Each structure stands twice: as C-alpha cells, then as structure tokens.
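Let's take a walk through this structure, starting with the whole chain and then zooming in on particular residues. Keep the viewer open as you read.

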Amino acid sequence: TTTDDDCFDDNSGPVENPITWTASVACKEIAIQINDESSDPIRFPHAATPVIRFSCAWAQDQCWYQNGSWDVNCSLASVLVKDLTAIPSNQSHAYFPNLISRKIFGQEISSHDDFVSIEGKRLRMGLSISIERRLHCIREKGKYLVNDLDRGSTTSSRVRIYPMEVVYSTVPVEVATRVLGTVKTPEMVDDYHRMAAAAHGWQQRQKKKLLAALAHKSKKIIVDVDVGAPELLIPEDINDPESPMLAIDLGRLRLYNEESSTEASLDYDDQWCLSLSNIQVRSATVASFCQQSSSDISNGTETAELRPSIRHLVEPFSLDFIIATRIVDENNQESTAETKVRVSATLPRLAFNLNSSSIRLISRLQRQWEKRRSQRHNSLPDLPPSLIINTGTTPTNSSRDDAKNENHRNREASAGESTQQQGISRVIQFDFTAPLIGLRLEEDNTDFRNRPYTSTALLDLAFRGIRGT
C-alpha cells in the first residue's frame with residue numbers, strides 16, 4: 001500500500017493509493033539477422049551469407065494504481081549492430097568491429113543508472129524511458145471527483161538515450177539495402193500506406209491532446225530528456241589504417257522544465273530549456289582516431305608534434321533555447337485570449353577550421369557516394385510500379401481507398417480544429433544571439449601521410465555581436 005501526495009482528504013491528509021496490479025516483461029536478447037543469397041549458388045544453393053546482425057536486451061515494468069495513476073518504465077540495453085561481412089583478420093575489423101555500438105571512450109564515468117539487470121546479468125543501457133502519470137484527487141461535497149478533466153494530473157517523462165558510435169561501411173549497408181528492397185511486395189506496399197495514414201491520424205490526435213493538456217490549468221507536464229546523440233564515423237577506406245576519415249559528433253541534447261522568472265511567470269505558464277552541446281566535426285586517420293578514442297594522449301608524441309593527428313573542422317559548440325509558452329484552450333471564448341510562445345536562442349561561439357585536405361576529403365566522399373549510388377541503381381532489376389514505395393508510388397486500389405478515406409478524415413478533423421481556433425490569436429516571438437562566429441581557411445599538405453605537417457593560413461574571418469528578433 002502506498003500514499004500519493006496528490007491525493008488529499010479534507011480531514012485525514014494523504015489518501016492511500018495502493019497498486020492494483022503490476023506487469024513486468026524482460027528479454028535477455030532480441031536478435032534480427034539479415035542474410036544475403038549464397039556466395040556460391042552452384043555448390044551451396046541453399047546456403048545464406050550473413051550480412052548484418054542487430055541485437056539488444058529489453059525490459060519493461062508497468063504499475064497501475066487504484067485511483068487510475070500509472071507508471072511505465074522501458075529499457076533497451078546492449079544495443080549492437082555487427083558487420084558480418086568483415087573478415088576478423090582484416091585491419092578494419094580490429095578498428096571497427098561493430099557498425100553501431102555504445103560509445104564508451106570520452107564519456108563520463110559509468111554510474112549505476114548506466115546498467116540494467118536482467119536475470120542477474122548486468123547489461124549496459126542504451127535507451128531508458130520512464131513515464132509517471134499521477135491523477136489529482138479533489139473532494140467536493142464529500143465526494144471525490146473521478147473525471148480526469150476535473151481533477152487534473154501531473155505527468156513526468158524521463159528519457160535517456162546514451163551516446164552511440166555509428167560507422168558507415170559501404171559493403172554491409174549496400175547489401176542490407178538490396179536485401180530489404182526485395183520485400184517490397186504489393187501486400188507490403190498496401191500495409192505501408194495503411195500504416196502511414198494511421199500514423200498521421202494518431203499524430204494529429206496526440207497533438208490535440210498535448211495542446212489540451214498544456215492549456216488545462218490543473219494538468220502539469222514535467223519533461224526531462226537527455227539524449228546522447230550518435231557520433232557518425234565515415235572513413236574513406238575502412239581497410240586502410242592511414243585512410244582519412246570524418247567524425248561527426250552530434251553532441252548532447254537536453255530538454256527539461258525550468259522555473260520561470262518573475263517577469264515571465266506573469267505572461268507565460270510554462271518555461272522549457274532546450275540545450276544542444278558539444279557538437280563538433282573532426283578529421284583524422286582511422287588509426288589515429290581509434291588510438292585517441294582508446295587512450296588519453298595528453299603529453300603528445302613525435303607524430304602529434306609533427307602534424308596534428310586529429311583536427312577540429314568545426315570546434316565544439318553549444319546552442320541553447322529558452323522556450324516560454326502559454327497555450328489557450330480552443331474552447332475559450334474570451335476575446336483577449338491568445339496563445340503565446342517566446343523562443344530565445346543563444347549560440348555562444350561557432351568556429352570553422354577548414355583546410356584544403358578536409359575539403360578534398362569531403363569532395364572525394366561525395367563522389368564515391370554518387371558513383372556507388374549510380375552503380376547500385378543500374379544493377380537493380382526493374383520493379384513494377386506497385387512495388388515502389390519511396391518514389392513513384394502506385395499502391396493497389398484497396399490501399400489507395402483506405403489511405404484516401406483516412407486522409408479525408410484527418411483533413412476534416414484538422415479543418416474543424418482550425419475553425420475552432422480561428423477566434424484565438426497566436427503570438428510567436430523569436431530572439432537570437434550569437435556573440436562570435438569565426439571562419440579560418442588554410443592550405444595544407446595534399447597527402448595526409450606527409451610529415452612534417454605544414455599549413456598556410458589563407459583566411460581568418462570573424463563576426464561578432466550578432467543579434468536578431
């Protein structure tokens with residue numbers, strides 16, 4: 001038996017709110033493997049060639065309380081995508097054994113929250129979602145109100161996505177794309193269009209519910225989102241340790257409620273903080289990047305002194321948003337009622353350090369992608385129009401009718417919502433501040449392997465005190 005701080009009796013204080021029932025589901029491993037056709041169809045016609053294997057662990061707990069409140073906790077752990085086309089003896093397998101894996105190096109020391117225990121085994125966390133919904137208990141005339149709209153609620157959402165490393169390797173990505181392309185049957189196309197229409201309708205309904213919750217004075221939404229964005233590694237030649245590569249780190253995203261200032265609390269109901277931090281782009285060789293990721297090179301070596309092993313093309317930067325909102329209920333008949341949103345953005349410092357070798361590397365990667373895409377397009381067999389989903393889609397009559405009916409219902413709902421909100425004015429204010437934006441351009445060695453490293457500055461440009469409203 002538990003008590004809920006949001007449930008009060010006029011005389012006895014907090015009301016007991018026992019758990020009605022709980023449900024727990026755990027799976028130590030969920031695996032999906034993509035296989036290609038046999039590499040030797042004459043000798044082994046029924047054998048399959050492994051391409052990619054995705055695996056993870058899953059755990060979920062749910063609790064329902066007597067007054068209608070509930071909790072949900074969902075976790076994904078040990079998220080891993082392995083490249084099964086790589087030969088273990090190859091150099092690429094030593095540097096990049098996985099296509100997607102949890103990023104460990106360069107992160108903070110692991111805490112207890114970084115792990116989940118399933119059947120006594122501790123697994124490293126990849127994704128964690130926790131939602132708690134507490135319904136308020138209000139007593140009027142000796143009776144408790146049971147209508148959600150009357151008593152209100154507090155919903156707390158906590159999301160953690162831990163940083164991952166994503167390696168782009170041409171062979172497994174192209175083979176997986178080709179294998180997945182073979183499932184585009186007419187039935188799959190029909191299901192795709194039905195699901196797309198249903199997803200759009202669900203999105204519109206959830207948007208309406210969210211706006212209604214924000215407008216309701218007795219409903220409170222608490223958000224705490226912490227996303228460690230993935231780092232995308234793009235080597236020019238994954239089998240060459242001295243091959244140049246790009247490392248695009250998307251940094252960290254934080255979204256949470258923030259206490260409003262005295263001035264803002266008079267005009268706005270909620271204030272949110274959105275922070276993007278430690279976003280950066282680096283260039284390096286495959287060997288130097290992996291070496292620096294696995295050990296802290298602080299004193300420098302001969303190679304580090306002769307030429308920088310890792311260069312910041314875009315130095316780490318952050319972008320902060322303060323969002324203040326006051327959402328008015330669509331049924332509000334007051335003439336002065338208006339929905340107000342104010343967004344304040346701050347970019348403290350943004351610096352680009354471009355050199356000729358990195359620009360040439362980006363150009364070569366772009367040419368490689370265009371060439372491979374052209375080769376892949378020419379090698380694919382001509383598919384009937386009904387099997388094409390992304391471009392030139394021609395669904396069957398049944399899926400077309402279902403999607404058309406669903407879209408028609410969504411348009412009618414959107415039109416009705418727009419009609420209801422025509423009397424409510426909207427005020428959106430956006431402020432932007434960027435104290436410093438810099439650009440430095442250099443001419444350096446054309447050969448990434450040359451020693452010593454030399455460079456000549458060509459341009460050094462800075463913009464200061466940028467503001468806008």
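What follows goes from the overall make-up to strands, rings, charges and a few backbone oddities.

First, a word on what you're looking at: this is a predicted model. The protein chain has nine helices and 22 strands. Of its 469 residues, 33% are buried. If you count contacts in the chain with a separation of 6 or more, 70% of them are between residues 24 or more positions apart. On the outside, the chain exposes about 28200 Å², and carbon and sulfur atoms supply 54% of that area.

Now for a strand with plenty of cover. How many of the five residues of strand β14 are buried? Four of them are, so β14 (residues 231-235) is largely enclosed by the rest of the structure. Look at what it pairs with. Strand β12 (residues 164-167) runs parallel to β14, and three bridges join the two. Strand β15 (residues 244-249) pairs with β14 as well, but in the antiparallel sense and over five bridges. Glu-231 is a handy place to see both pairings: its bridge partner is Glu-165 in one, and it stands opposite Asp-249 of β15 in the other. If you're tracing side chains here, remember that in a regular strand they alternate between the two faces of the sheet.

Next stop, Val-225, which you'll find in strand β13 (residues 219-228). Is Val-225 buried or exposed? Its relative accessible area is 14%, and the cut-off for buried is under 20%, so Val-225 counts as buried. Setting aside neighbours within four places in sequence, Val-225 touches Val-159, Arg-160, Leu-253, Arg-254 and Leu-255. It's also worth pulling up Ile-129: the C-alpha atoms of Val-225 and Ile-129 are 9.1 Å apart in space, while the two residues are 96 apart in sequence.

On to the aromatic rings, where the count comes to two pairs. Trp-21 and Trp-64 have ring centres 4.4 Å apart and planes at 5°, so this pair is stacked; the cut-off for stacked is planes under 30 degrees apart. The pair links distant parts of the chain, with Trp-21 in strand β3 (residues 19-36) and Trp-64 in strand β4 (residues 49-65), 43 residues apart. Trp-21 is partly exposed, at a relative accessible area of 46%, and Trp-64 is partly exposed too, at 27%.

The other pair is made by Tyr-168 and Trp-369, with ring centres 6.2 Å apart and planes at 75°, so it is edge-to-face. Why does this pair tie together parts that are 201 residues apart in sequence? Because Tyr-168 is in the loop between β12 and α3 (170-181), whereas Trp-369 is in helix α8 (residues 356-379). Partly exposed is the label here as well: Tyr-168 has a relative accessible area of 25%, and Trp-369 comes in at 38%.

Rings also turn up under charges. The charged end of Arg-122 sits over the ring of Phe-115, 4.2 Å from the ring centre. Lys-340 does likewise with Tyr-268, its charged end sitting over the ring at 5.2 Å from the centre.

What about the cysteines? A disulfide is a covalent bond between the sulfur atoms of two cysteines. The count of disulfides here is zero. Take Cys-27, which is in no disulfide: the nearest cysteine sulfur belongs to Cys-56 and is 7.9 Å away. The distance cut-off for a disulfide is 2.5 Å. Cys-27 counts as partly exposed, at 26% relative accessibility.

Finally, if you like checking a Ramachandran plot, there are two residues to flag. Glu-119 isn't a glycine, yet its phi is positive, about 55°. Where is Glu-119? It lies in the loop between β7 (115-118) and β8 (121-135), and it is exposed, with a relative accessible area of 67%. Asn-278 also has a positive phi without being a glycine, near 60°. Asn-278 lies in strand β17 (residues 270-285) and is partly exposed, with a relative accessible area of 40%.

Key: Residues numbered from 1 in each chain as written. Predicted model: local features only at pLDDT ≥ 70, side-chain atom pairs only at ≥ 80, totals over all residues. Heavy atoms only, no water. Helix = DSSP H or I, 4+ residues; strand = E, 2+ residues; numbered from the N terminus. Buried < 20%, exposed > 50% of the residue type's maximum accessible area, 1.4 Å probe, protein only. Contact = heavy atoms within 4.5 Å. Areas by Shrake-Rupley, 256 points an atom, 1.4 Å probe, with all protein chains shown as cover. Pairing = 2+ DSSP bridges. Phe/Tyr/Trp six-rings, centres within 6.5 Å; stacked < 30°, edge-to-face > 60°. Lys NZ or Arg CZ within 6 Å of the ring centre and 35° of its normal.
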